Amino acid sequence: MTIHLSILLALPLFGAVVGAIWGGRGGRWFALGGSLLALGYAIVAVARFKSGDGLQFVTDETWIAALGVHWKLGIDGLNLFLVLLTTVLFSACTLWAVLGKEDRPTLFYFWFGAAHSAVLGALLAQDLLLFVLFFDLMLVPFFFLTGMYGTTTRADRIRAITKLFIYTLVGSLLMLAAAIATAVLSKGDSSLSFVFSDLAARGGLSSGSQDWIFLFFAAAFLVKMPAFPLHGWMPDGYMSMPLPVLAVFSGVLSKVAAYGFLRVALPLFPEGAQRFQTLLLLIALASILYGSAMAFTTTQTRLILGYSSIAQLGFIVLGIFSLRADGAQGALLQTVNHGIVVAPAFFIVALLAARVGGSEDLRDMGGLAFRAPVLAVMFLIVALANLAMPGSSNFAGEFLILLGVFQAKAAIAVVAFTGVAMASVYTLRLFIRSMHNRVASDAQSREMTLADGLVLVPLVLCIIALALYPQLALDRSEPSVKATLGAQATPALAATEVGR
Amino acid sequence: METLAWLVLILPLAGSLISALGFRALPARAPAVIGTAAIAGAFACTIGVLVKLQDLDAEHRQVVFVAWDYAQTAGVDAKLSILIDPLSVFMMLVVTGVSTLIHLYSATYMKGDRGYARFFSYLNFFVFSMLVLVMAGNFFLLVVGWAFVGAASYLLISYWYRRTTATTAGLKAFVINVVGDVGLVLGTYFIFRHSGTLDFLGTFETAGSQPEGSLTAGCILLLVGAFAKSAQIPLHTWLPDAMEGPTPVSALIHAATMVTAGVYLIARMWPLFEQAPAAADVGAIAGCVTLLVAGTIGLVVTDLKRVIAYSTMSQIGYMIMAVSAGAYAAGLFHLMTHAFFKALLFMAAGSVIAAMAGEQSLDKMGGFRKAMPFTFGCFVIGGLALAGIPPFSGFFSKDEIITLVGERGGWHYALYTAAYVGSFLTAVYTWRMIFRAFWGKAVPEAEELEHGHLHHAEEHRNPATGELEDTDVGFPGPEHHIAERSAAMKVAMGLLAVGAIVGGLLQIPLGGTDVVDTFLEPTFEGSQYAHLHASDGFTTLSLIIGTVLAVGGIAVAYYIWVLKPGLSAQIQARFSGLHRLFANKWYFDELIELVIVRPFSWFGRFGQQTFERVVVDGTFVGGTTLVVRAGSAAVRALQSGLLRAYAALLVLGLVAVVFYFLLQS
Amino acid sequence: MAIGWYLAVSAIVFSIGAGGVLTRRNPLVTLLCLELMLNAANLALIAFSRMHGNGDGQVFAIIVMVVAACEVTVGLGVIVAMHRRGLIIDVDELRELHG
């Protein structure tokens, strides 16, 4: 059996469409089936992936000949585990929505499946325009998911999602302009092409145009992540999304932006990346410090996770812009880690809220561990992974990231370590104030149900498995990361090689 | 040997997992059996490892086993590798040996608690973590063990999680330990930058070629890690608060194992520290300062467990000073004897606290001598060993440290003197505690016990805040257990008491025995201090000074707290300023609050309330949406819906096109 | 006769029609004026056809007439329907398309 990535891409959407046509209560099972099939397909792809063989399972069709746009999909070390993460998280969230008490209309599952396909598209695309297209398309389902099924009042959530939409689309607009400029400026004598490999091979961009194109791309990615100070849409957006939606939004969509840096920005604009390395490192550092300080003070559980994501993505950017193989490897590992940690964390928030009468405020929680030992253990594992406890895969990621930054710019790494210490404060604060201390007045401690466990336990097992053997991911991504960074001036890499 | 070595790690982990996963299926008492058996098994395996290690030649007593590559990429070589050498086996023996007894003790002591399975699961996990720490063969795994120990101690300290004081103390311990982890990781980076490997043995080979500035920075950062874990100034504030945990936990973590990790670290890293003498000096001075400061606080604290906690801090100060000054074997020897007598003291204290039905304040205790003879005996043995009275174990180990530090000469004489001051303080505060708890007029609880009836509190109150305890989750259980009435506790304490008495015989100065020295020799072979030995005269002098000071300290304590009961109040009134300084623990908590906690929460609040709203939401998001909205408003104005206006625009456009072509032609 | 005159007439008629479309508010009159514009274009087409001596222009003109007929039919139908429902027949009132 050969792997056709177009099938992988279409499976969730197909399931969702069939489900929507079928309608009624049965429709959701088709959507779930589509997601699970995609998950299975992705697992097969990971199993068959050969480390070091470059781009694999390639589909390459001319799509718009006049513009040189190709329908080119492929998997290499950069996106392999992100694809797996996406299918895992979407399947888990769909399952959760299906099993949940809340009755959600079939259209909900349709949009969910559409989002799944769009994210897969953005990850698999090997053509710049295709990437930009999917990158923007990802947002559309979330617009409807939040606007129609959000948790706040109708007016609030529409305002929030409009803000999110406009803000991120402005970033995307810059990216579109930059993408077109890239293709046109690097065209030279040959015909127009948007395919990554062509663009990278041509590399005919003057350093002046590299600068602004790089900045445009960076702006788009940083908004989507979000990074300080471009995170303004985050608090409102996070408060408005239904939790299964938020789990994938936070777990996956922000990672696509980080992935964008590795896939697009570094290989295509090496000089720009180098010129703005310090700027981006400082932005990342600010994100870490600011996100941690915010997470430390807010009492809204969602926002604690939201701000902690800002800090975590700060670490990821830090690793990428160490412009060294160790840092970038750590960053890539960390994107997977963070996704697999933050999604169960949001599930747990939902379970906690259900035990204190729907409130998600820490001040209304307390003492929930009493009759819920299993839930408490799950939460503890997730919390410890989130604060990058050594022994977790998150620690392996952070260790590599900070090592890379330390070797590139030692001072920044030293300051970034405060973020590590602060992560332990805000994460444990979340854990202690919800699970421990005295029982809050409206709180009812009860164990999670089998249905909750069906979603939560596999995710926690993923965390443990990765913690035991992060080498699995590192081995497969190493050649691709080195190739991506190969466009950078190589002294740093060479030094590492000598160091071995 | 490989299988045995891995078994040492696997058994505690398995015990922890079985107790945790089977908490509903297992019979009620099973976790204690499983837990104790697992640790005892680990101890047996350690002995097996020891035997096989001794079979090897002295030069080859350094074996590395690798399980699998953990994170090996881009020049980083993090593997799951363990290093077996005399030093790690020594630590394994102490950890598993003492832990077995503590498990045995807990099996009865925690009987009344609701979270019995949870407790043993945590306890086993703790031992597992500690073993990872001491067996790690590279920096990465060391950090993992280091942090696991921190997490396990967090879990155990906040074991009674309904107590707000316990959860706060747990958080504090965890965060300070994370600061230590950060120091350790950063130190690793400094060293890795030039060594290019995370492996211990590989790193030590490059120690000589490392640039000194970078190595010193790295070693000082390693010291930060050591200080945080070993509760040395200024990272010590978590240790006294950690007494919120159950008493066996205090014995396990805060006496025998966790706090000695810093000592182990410095001893393990000796090739690096000897190349960075400045860092070693920092360690020696910090250890010395800690032993004095902790001793002074120990004089005034009234909480029984906290007195022992400060005494621990002080004793760890001796060890840190020793290993930083190059007296490795002496420091480790003291580590071992300290594990015996301090665990013994904590267990005995637990017994007294149980007799008081959870009350810990020395102010409310007194006259337990007759009511609890066994506990009293243990306390006396532990107290004599701690004070350093010959021939108890503490005498030999402490005096060896002091002698060897003095032997270094120069400014080390200042440390030498300070160490003797500390040893005098030790004798005073230890015996103050014993005299106050066991001498004097018997309190009602003691009288009740003399009549064969264990005091039972109607309602339990948190000793720290007076808050009513929440007994739902177990604390402190409906029933209490004292050593006099439990065989398991008696066995555990008795064995430790024997250790505390005879442990010193392993290493008798002036040509007696030197078992520890000989055993550890292969590890410290290349050290420039390997053959640091004091002359017989100097040793004799030091031994005499030590004995005199210890006896004098006990005498002073006897005079103040037994002979003249009012005297301590008078002294307090006389030196009220000093007393306030000691009683407030030198204001370290307040300092940390002022320097670190407040600015951060201020920054967070400022961000939350002002910056977020005005700059992020107002300027960035508001600005962008404003521009987009204004643009779309302008475009919308054209869509008037007026048909004739559309037509006019059409015509105007046509005319414009026509004109354009006319002008072109 | 020079083609200029035909074009001049055509242009004048077109302008009258355009002016009518722009100024009148009654849809009937607007339709009539549109018709004028179409016929002005037809006139120009036929003049060019004659000038070139082939029938292409005439074909276009006939198609335009067909389209015009359809358009008038639909337009008149809409107006009559509006009248029956008692709506005001004034193009300025039909502003549902405004943004």
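**Exercise 1. Helix 10 of chain A**

Decide whether helix 10 (residues 233–240) of chain A is enclosed or open in this predicted model, and name what covers its buried residues.

*Solution.* Begin with burial, for which a residue needs 20 or more other C-beta atoms within 10 Å of its own. By that criterion seven of the eight residues of helix 10 of chain A are buried, so the helix is largely enclosed by the rest of the structure. The buried residues are W233(A), M234(A), P235(A), D236(A), G237(A), Y238(A) and S240(A). Next, look at the cover: within chain A it includes helix 6 (139–149), helix 7 (154–185), helix 11 (243–268) and helix 14 (301–320). The cover also includes helix 25 (588–638) of chain B, an element of another chain.

**Exercise 2. The contacts between chains**

Work out which pair of chains has the most contacts, and what the side of chain B that touches chain A is made of.

*Solution.* Two pairs of chains touch, and the most contacts are between chains A and B. In that pair, 50 residues of chain B are in contact with 50 residues of chain A. Strand 1, helix 5 (139–157), helix 6 (164–195) and helix 25 of chain B each supply at least two residues of the side of chain B that touches chain A, and the largest share, 15 residues, comes from helix 25 of chain B. Sorted by type, the residues of this side divide into 29 nonpolar, 13 polar and eight charged.

Turn then to chain C, whose contact with chain B takes 11 residues from chain C and 10 residues from chain B. The residues on the chain C side of that contact comprise six nonpolar, two polar and three charged. Chain A and chain C, by contrast, do not touch, and their nearest C-alpha atoms are 18 Å apart.

**Exercise 3. The hairpin and domains of chain B**

Describe how strand 1 (residues 63–73) and strand 2 of chain B pair, and then state how far apart the centres of the two domains of chain B lie.

*Solution.* The two strands pair in the antiparallel sense over eight bridges, and T73(B) has V76(B) in strand 2 of chain B as its bridge partner. Strand 1 and strand 2 of chain B form a hairpin with two residues between them, and A74(B) in the turn has a positive phi of about 45°. Strand 2 (residues 76–84) of chain B is mostly covered, since eight of its nine residues are buried. On the scale of the whole chain, the domain assignment gives domain 1 (2–583) and domain 2 (589–664) of chain B, and 62 Å separate their centres, taken over C-alpha atoms.

**Exercise 4. Compactness and confidence in chain A**

Judge how compact chain A is, and find where its predicted coordinates call for caution.

*Solution.* Chain A has 21 helices and two strands. Its radius of gyration is 22 Å, close to the 23 Å that the globule rule gives for 500 residues, so chain A is as compact as a globular protein of that length. Buried residues make up 64% of the 500 residues in chain A.

For confidence, the mean pLDDT of chain A is 85, and 97% of its residues reach 70 or more. Among the elements of chain A, helix 14 has the highest mean pLDDT (91), whereas helix 21 (residues 491–499) has the lowest (41). Over residues 489–500 of chain A the pLDDT is below 50, although this stretch has 16 contacts in the model beyond near neighbours in sequence. Where pLDDT is low, the predicted coordinates should not be read in detail.

Conventions. Residues numbered from 1 in each chain as written. Chains lettered and ligands numbered in written order. Predicted model: local features only at pLDDT ≥ 70, side-chain atom pairs only at ≥ 80, totals over all residues. Buried ≥ 20, exposed ≤ 12 C-beta atoms within 10 Å, placed from the backbone. Helix = DSSP H or I, 4+ residues; strand = E, 2+ residues; numbered from the N terminus. Pairing = 2+ DSSP bridges. Domains from an automatic or database assignment. Contact = placed C-beta atoms within 7 Å. Nonpolar A, V, L, I, M, F, W, Y, C, P; charged D, E, K, R; others polar. pLDDT = per-residue confidence, 0-100. Rg over C-alpha atoms; globule rule 2.2 N^0.38 Å.
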